[in-house]
Amino acid sequence: MFGASGGIGRALALRLAAQPGFSAVLGYSRSSAVALDLCDESSIEAVAADVQRSPVDLRLLIDATGVLDGDGVVAEKTWRQMDGAAMMRAFVVNAIGPALLMKHFLPLLPRAGRCVFATLSARVGSIGDNRLGGWYSYRASKAALNQIVRTAAIELRRTRPEALCIALHPGTVATPLSARFAKPGLEVQSPEVAALRILAVLNTLTAQSSGEFFDQRGRPIVW
Ligand SMILES: NC(=O)c1ccc[n+]([C@@H]2O[C@H](COP(=O)([O-])OP(=O)(O)OC[C@H]3O[C@@H](n4cnc5c(N)ncnc54)[C@H](OP(=O)(O)O)[C@@H]3O)[C@@H](O)[C@H]2O)c1
């Protein structure tokens with residue numbers, strides 16, 4: 001679990017640890033013993049080395065990292081709020097970091113049998129679904145992430161035909177990331193419910209779905 005300290009990541013890790021069928025759940029974040037900082041590829045390499053030292057059969061990798069606002073990133077309401085450094089930071093954390101996770105972890109997946117790499121994207125990263133505007137950096141960095149997922153899925157299929165690499169929208173979830181943007185009338189799930197839904201979707205998908213983008217109920221989302 002990458003982003004095991006986050007609202008959704010923690011709920012997913014707890015739920016997986018309680019499920020039979022997984023011998024171990026490894027969780028990483030910037031505060032884990034082996035720290036994962038998506039802005040520093042050497043830390044991603046260190047985490048990959050740590051995973052390789054662990055006696056686990058790697059079947060499920062979930063990337064639950066991401067940033068919307070704060071920590072150097074701005075959720076812009078208008079182009080007037082665009083800031084180059086903040087946009088770059090959003091791209092590094094939301095798109096380039098997950099791409100580097102794919103670079104270092106997809107080769108560790110077994111060549112035979114079902115295995116999954118899922119990254120938490122966001123519906124607002126869909127270009128076709130963008131009707132409200134705003135959040136330039138977040139939207140664009142998640143759209144870039146979606147393209148990276150699709151591209152990596154194609155490469156992954158060549159050596160691991162039973163593997164999946166997918167993007168998932170978790171729905172709106174009550175976490176620090178969404179707290180400032182809660183609106184009356186918006187359906188907000190608890191992290192525990194979101195985790196259950198995400199895992200249910202992951203359980204049903206087959207290799208034919210690799211390279212696709214799904215919501216928390218398993219419905220495909222337009223790119
Ligand atoms: N919550 C929602 O409503 C919602 C809706 C749509 C999509 N999503 C997506 O779901 C994912 C998880 O969101 P969340 O709501 O659980 O957010 P969250 O509670 O704020 O957790 C964010 C996670 O990202 C990690 N992270 C941030 N910057 C990092 C960096 N530079 N290096 C390594 N890890 C970093 C954090 O780890 P640290 O402890 O190291 O900071 C934390 O584990 C995100 O991709 C988000 O875009 C969420």
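In the predicted model, strand E2 (residues 115-120) and strand E3 (residues 163-168) run parallel and are joined by six bridges. Within this pairing, Ala118 stands opposite Ile166 of E3. The two strands belong to an open sheet of four strands, in which the order is E1-E2-E3-E4 and the pairing is parallel. Strand E1 (60-63) and strand E4 (213-214) occupy the edges of this sheet, and because each has a single partner strand, one side of each is left without a neighbour in the sheet.

The pairing of E1 with E2 is likewise in the parallel sense and extends over four bridges, with Asp63 having Thr119 in E2 as its bridge partner. Between these two strands the chain passes through helix H3 (residues 84-105), and the resulting β-α-β crossover from E1 to E2 is right-handed.

Helix H3 is also engaged with helix H2 (residues 41-53), the axes of the two helices coming within 10 Å and crossing at roughly 40°, in a crossing that is right-handed. On the side of H2 the contact is made by Glu41, Ile44, Glu45 and Ala48, while H3 provides Leu100, Leu101, His104 and Phe105. By residue class, the contact of H2 with H3 divides into five nonpolar, one polar and two charged residues.

A further helix pair is formed by H1 and helix H5 (residues 191-204), whose axes come within 8 Å and cross at roughly 65°; the crossing of H1 and H5 is right-handed. The residues of H1 that take part are Gly7, Ile8, Arg10, Ala11, Leu12 and Arg15, and those which they meet in H5 are Pro191, Glu192, Ala194, Ala195, Leu196, Ile198 and Leu199. Taken by class, the residues of the contact of H1 with H5 comprise nine nonpolar, one polar and three charged.

Helix H1 (residues 7-17) is, in addition, the element that gives the most to the shell around the ligand, to which it supplies three residues. In the model the ligand is surrounded by 28 residues, of which the closest are Gly6, Arg30, Gly66, Thr175 and Leu177. The composition of this shell is 13 nonpolar, 13 polar and two charged residues. Helix H1 thus appears in two settings, with residues in the shell around the ligand and with residues, including Ile8 and Leu12, that meet H5.

Terms used:
Residues are numbered from 1 along each chain as its sequence is written. This is a predicted model: local features need pLDDT of at least 70, side-chain atom pairs count only at pLDDT 80 or more; totals for chains, interfaces and linings use all residues. A residue is near a molecule or strand if its C-beta atom, placed from the backbone, lies within 6 Å of it. Ala, Val, Leu, Ile, Met, Phe, Trp, Tyr, Cys and Pro count as nonpolar, Asp, Glu, Lys and Arg as charged, and the others, Gly among them, as polar. Two strands pair if DSSP finds at least two bridges between them. Axes are lines fitted to C-alpha atoms, for helices over the stretch in contact, and angles run from 0 to 180 degrees between N-to-C directions. A crossing is left-handed if the near helix is turned anticlockwise from the far one by less than a right angle, and right-handed if clockwise. Two residues are in contact if their C-beta atoms, placed from the backbone, lie within 7 Å. A crossover is right-handed if, with the strands pointing away from the viewer, the path from the first strand over the helix to the second runs clockwise.
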